[in-house]
Amino acid sequence: MRILWIDWWKKIMGLAYSWDWDMVFPLGLHDNNDSIYSDLAHFVVQHKINQIIIWIPKNDQVQTKI
């Protein structure tokens, strides 16, 4: 199983990738803008993602510390 992990913030997204729940490999940060949906769709198709896990924080205060 191929999994795409997304930390969904207001302005940026943290992306990671894993196989079978073993190790998670960071893919970096992506601006949360109009192109994010097409970029994610392209990645899902290209890497044959089976599952997407999205984490949405309760508040966005941590992002301001990045």
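Guide: Before we start, a handy term: a nonpolar core is a set of buried residues such as Leu, Ile, Met, Phe and Tyr, joined through side-chain atoms within 4.5 Å. Also, what you see is a predicted model.

Visitor: Okay, which residues make up the largest nonpolar core here?

Guide: There are 9 of them: Leu4, Ile6, Met13, Leu15, Tyr17, Ile36, Leu40, Phe43 and Ile49. The elements that supply two or more residues each are β1 (2–8), β2 (12–19) and α1 (36–46).

Visitor: Let's pick Leu15. What is it in contact with, leaving aside neighbours within four places in sequence?

Guide: Leu15 is in contact with Trp5, Ile6, Pro26, Leu27, Gly28, His30 and Leu40.

Visitor: Switching topic: in what order do the elements run from the N terminus?

Guide: The order along the chain is β-β-β-α-β, with 1 helix and 4 strands.

Visitor: And in what order do the strands sit in the sheet?

Guide: β3-β2-β1-β4, in an open sheet with mixed pairing. The edge strands, β3 (24–31) and β4 (51–55), each pair on one side only. From one strand to the next, the twist averages 20°.

Visitor: How many bridges join β1 to β2?

Guide: 7, and those two strands run antiparallel. As one example, Trp8 has Met13 in β2 as its bridge partner.

Visitor: Where does α1 go, then?

Guide: α1 packs on the sheet and touches β1, β2, β3 and β4. Its direction makes about 160° with that of β1.

Visitor: Last one: what share of the chain counts as buried?

Guide: 27% of the 66 residues. The accessible surface comes to about 5,000 Å², and 58% of that belongs to carbon and sulfur atoms.

Note on methods
Residues are numbered from 1 along each chain as its sequence is written. This is a predicted model: local features need pLDDT of at least 70, side-chain atom pairs count only at pLDDT 80 or more; totals for chains, interfaces and linings use all residues. Side-chain values use heavy atoms; hydrogens and water are left out. Buried means under 20% relative accessible area, exposed over 50%, partly exposed in between (1.4 Å probe, protein chains only). Contact means heavy atoms within 4.5 Å. Two strands pair if DSSP finds at least two bridges between them. Axes are lines fitted to C-alpha atoms, for helices over the stretch in contact, and angles run from 0 to 180 degrees between N-to-C directions. Accessible areas come from the Shrake-Rupley method with a 1.4 Å probe; for residues, only the protein chains shown count as cover.
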